[in-house]
Amino acid sequence: MVRAGETRAMCGRELDPAAEARPPDVWGTAEADPFCRACGAQYLRQGL
């Protein structure tokens, strides 16, 4: 999971700029698998 316009994941991992992007509302659904649990934890801590 990344913040809009960034290529560094919320967990700190640098991602390929061409990597697939999905909207935040699919987080936690089967459509989001596989996902990084560390990024998910950061996302939830933001209160979004």
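**Close-up views of a predicted model**

**View 1. Surroundings of arginine 8.** The side chain of arginine 8 comes to 3.1 Å from the backbone oxygen of glycine 12. This is a predicted model, in which local features need pLDDT of at least 70 and side-chain atom pairs count only at pLDDT 80 or more, while totals for chains, interfaces and linings use all residues. Residues are numbered from 1 along each chain as its sequence is written, and side-chain values use heavy atoms, with hydrogens and water left out. Arginine 8 lies in the segment before helix 1, and its side chain also makes a polar contact with the side chain of glutamate 14 at 3.2 Å (a pair of N or O atoms within 3.5 Å; within protein, one must be able to donate a hydrogen and the other to accept it, and residues adjacent in sequence count only if both atoms are side-chain atoms).

**View 2. The two sides of helix 1.** In helix 1, a DSSP run (H or I, at least four residues, numbered from the N terminus) spanning residues 37-45, the residues Cys39, Gly40 and Tyr43 are buried (under 20% relative accessible area, where exposed means over 50% and partly exposed in between, with a 1.4 Å probe and protein chains only). These three residues lie on the same side of helix 1 because they cover an arc of only 100° around the axis, the arc being that of the directions from the helix axis to the C-beta atoms. On the other side of helix 1, Arg37 and Arg45 are exposed.
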